[in-house]
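Hi,

Here is the structure I said I'd pass on. Have a look at it first, and my notes on what turned up are underneath.

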Amino acid sequence: MPVAPDKLRILAIHGYHQSDVIFKKKLGFLRKSFNRELELTFIRAPHKIPTENETDKDSKESGYGWWFNTEDHVFKATVPSDHCIGFEESLELVKKTHQEQGPFDGILGFSQGAAFATILCIMQKKNMYPFRFNFAIIISGFKSLCKLHAEYYTETIDIPSLHIYGRTDKVIPTDMTEKVCGLFKYCNRVIHDGGHYMPSQKHVYETFIITMMKKKNELINSF
């Protein structure tokens, strides 16, 4: 008799200047649309971004980043840099989360979080990361232009991936996002007409999520 699969367990990596709390709110549509299929785990980047108004009521729930590429702790995705400040601490946080709350079936990232998720997938391929993701959802992703990250972009990632990005994105140019798509062997693309955001229409994600559920179900019932 077939065994019903558990939910797909996904590690959610927020964007630059966001937090786990904000990202959870922004992905509320995804959690509601796929309540029976998904279980999302949100983590907060370890680095607070300095702001002018630290007394703002929302300051504790926003303004975090996974790494900086300037000496004054700022991150600019489109600017090449020799600096990669704080990346190791973020990597250790993800490893700790995996140890304490994993395993995860997949990883989902937005913007800088998508760039980080891509690097984690490459590290997995290179046997540099001790855990495994079976798929990735990359939203408004890009290849990091930090010099120290260049070594990661020499492999083709062989797990299924869903890439979502907007034609009019003014934050991450389309050509940067498409270069990330080229890193994944089994790349599925959804290109929307908007900018730098996560589309909330269920159909954008549905085919990929249902396919990943079927793969998990097949694996469970093969034992």
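A quick word on terms before the helices: contact here means heavy atoms within 4.5 Å, and the angles run from 0 to 180 degrees between N-to-C directions. Also bear in mind that this is a predicted model.

The sheet is a good place to start. It is an open one, made of 6 strands in the order β2-β1-β5-β6-β7-β8, and the pairing is parallel. The edges belong to β2 (38-43) and β8 (184-192); each has a single partner strand, so one side of each has no neighbour in the sheet. From one strand to the next, the twist averages 20°. If you want one pair to zoom in on, try β5 (residues 106-110) and β6 (residues 135-139), which are joined in the parallel sense over 5 bridges. There you'll find Gly106 opposite Phe135 in β6.

Now the helices. α4 (residues 112-125) lies across β1 (8-13), β5, β6, β7 (157-166) and β8, and it runs at about 145° to β5. α5 (residues 174-181) lies across β6, β7 and β8, at about 160° to β7.

Which residues of α5 are buried? They are Met176, Thr177, Val180 and Cys181. Looking down the axis of α5, these buried residues fall within an arc of 155°, so they line one face of the helix. What they pack against is α4, β6, β7 and β8.

α4 has another helix to deal with as well. α3 (residues 87-101) packs with α4 at an angle of about 70°, the axes being 12 Å apart. Since 65 to 115 degrees counts as roughly perpendicular, that is the label for α3 relative to α4. On the α3 side you have Phe87, Ser90, Leu91 and Val94, which meet Phe116, Ile119, Leu120 and Met123 in α4. By class, this contact has 7 nonpolar residues, 1 polar and no charged ones.

One last spot to click on is Ser62, in the loop between β3 (47-48) and β4 (64-65). Is Ser62 buried or exposed? Its relative accessibility is 18%, and buried means under 20%, so Ser62 counts as buried. Leaving aside neighbours within four places in sequence, Ser62 is in contact with His17, Gln18, Ser19, Ile22 and Lys48. Ser62 and His14 are 48 residues apart in sequence, and their C-alpha atoms are 10 Å apart in space.

Cheers

How values were computed
Residues numbered from 1 in each chain as written. Predicted model: local features only at pLDDT ≥ 70, side-chain atom pairs only at ≥ 80, totals over all residues. Heavy atoms only, no water. Pairing = 2+ DSSP bridges. Helix = DSSP H or I, 4+ residues; strand = E, 2+ residues; numbered from the N terminus. Buried < 20%, exposed > 50% of the residue type's maximum accessible area, 1.4 Å probe, protein only. Arc of directions from axis to C-beta. Parallel < 35°, antiparallel > 145°, perpendicular 65-115°, else oblique. Nonpolar A, V, L, I, M, F, W, Y, C, P; charged D, E, K, R; others polar.
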